[in-house]
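Please find below a colleague's note on the model under review. The points are numbered for ease of reply.

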Amino acid sequence: MWAELLPVGRSASSGGYRRHAWNSADAECRAWFEEQARARGLSFETDRNGNQWAWLGDPQAGNAVVTGSHLDSVPDGGAYDGPLGVVSSFAALDALRSRGARFTRPLAIVNFGDEEGARFGVACVGSRLATGVLDRDAAYELRDADGVRLPDAMERAGHDPERIGADPELPGRIGAFVELHIEQGRYLDERQPVGVAGAIWPHGRWRFDFHGEANHAGTTRLADRRDPMLTYATTVLAARKKARLAGALATFGKVAVEPNGTNAIASLVRGWLDSRAADEQTLRHLVDAIEQSAVERGERDGVRVSLTRESFTPVVDFDAPLRDRLAGLLKAPVLPTGAGHDAGILASAVPTAMLFVRNPTGVSHSPAEHAEQADCHAGVAALADVLEDLACQRS
């Protein structure tokens, strides 16, 4: 399975992956998922929001145990973030069948759509829509860098955008959701190959718009300029310093410039901030401080600054009984994480837990992302044990 997925959406120049929502690579991944489901005799369905499901047992019976993750990537992302969870889910089912496990609850494997938000700027679109966290009207307003609307992209890919919206049956169908994911950090280094997530830090994305004045780079005196690039650059540095002092994280990882000419002073710079902290108060104060710094610098530069919150996820405490049950079963450490996941979105609707597979370098969202094969196998074994404990008859 891993070998089949590796070439899909991989850039020959960077070695990273460009599996973005509703593009051709995404379509190949979706076709692969359906093939895996049908090859195992599972019932396959695509829900109203484009999420794919492979069912063992009756999907309408309720109280199902669900596992899975996502197959899309960040721009030039790594091979493991998302796909490891999906591949491991099918492999864990294979392992349970080879053991002769007798299922007493329905089991499903899911591929959530557009988890990374690489194309339309909002993370976990598939799970947010399904749980009602993202409503249809807001989803219809999402556009990619080329101005393509989300519903138009879905329609071009063969999905009916008229169907999208909250799924009121979801909480009743799922009794527990367990997502396996590569660790994004190094908490497991030198410990053991698999850990259990305790909570997800609150996090969000904010767009800063720096409005200046376009002018000639070779004829405009420095004193006469209203250069938004200066304000933007100073804000990036301020964000790093304020995050360090707060014990939090702040990253400007995406920028757009108009008119984007080498010999032109920009009229507009847009910078997207990703920020995360251990608690919501710290995060709120951090973003406020970064905004204040940007506005104050903008006043000096003759630049107007505006801020738009594009997404926000509050702190997620995974279901305590389920978390403790898994940690005890696997004798695994409980870890914090600053990364968002579909599991974090579903946690508001159903009992949810996560397993992490050791990442020896801690690098993620990069072609250098890696997990050792032995650790991946340990992750499959752990997930199989968890699914057997939750969904199968005890011997």
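1. Which residue follows H2, and what is the sign of its phi? The residue is Gly41, and its phi is positive, near 70 degrees. As with every point in this note, the value comes from a predicted model.

2. Helix H2 itself covers residues 24-39, 16 residues in total. From its first C-alpha to its last it reaches 23 Å, close to the 22 Å expected at 1.5 Å a residue. At the start of the helix, the backbone nitrogen of Ala25 has a side-chain oxygen of Asn23 within 3.2 Å.

3. The buried residues of H2 are Ala25, Asp26, Cys29, Arg30, Trp32, Phe33, Gln36 and Ala37. Viewed down the helix axis, these buried residues fall within an arc of 155 degrees, so they line one face of H2. The face turned away from the buried side carries the exposed residues Ser24, Glu35 and Ala39.

4. What covers the buried residues of H2? The covering elements include helix H1 (2-5), strand E1 (43-46), strand E2 (52-56), H3 and E4. Two of these elements, H3 and E4, return in point 6 in connection with strand E3.

5. Strand E3, residues 64-70, is mostly covered, with seven of its seven residues buried. Ala64, Val66, Gly68 and His70 point one way from the strand, while Val65, Thr67 and Ser69 point the other way. Residues on both sides of E3 are thus listed as buried.

6. E3 is paired with two strands. Six bridges join E3 to strand E4 (residues 107-112), and the two run parallel. Within this pairing, Gly68 has Val110 of E4 as its bridge partner. The chain passes from E3 to E4 through helix H3 (residues 83-99), a β-α-β crossover that is right-handed. Strand E5 (residues 174-182) also runs parallel to E3 and is joined to it by four bridges. Here Thr67 stands opposite Val178 of E5.

7. A further residue for attention is Ser311, which is found in strand E12 (residues 304-313). Is Ser311 buried or exposed? Ser311 counts as buried because its relative accessible area is 10%, and the cut-off for buried is under 20%. Leaving aside neighbours within four places in sequence, Ser311 is in contact with Val122, Gly204 and Arg205.

Key
Residues numbered from 1 in each chain as written. Predicted model: local features only at pLDDT ≥ 70, side-chain atom pairs only at ≥ 80, totals over all residues. Heavy atoms only, no water. Buried < 20%, exposed > 50% of the residue type's maximum accessible area, 1.4 Å probe, protein only. Pairing = 2+ DSSP bridges. Right-handed = clockwise from strand over helix to strand, strands pointing away. Contact = heavy atoms within 4.5 Å. Expected span 1.5 Å × (residues − 1). Arc of directions from axis to C-beta. Polar contact = N/O pair within 3.5 Å; in protein donor to acceptor, adjacent residues only side chain to side chain.
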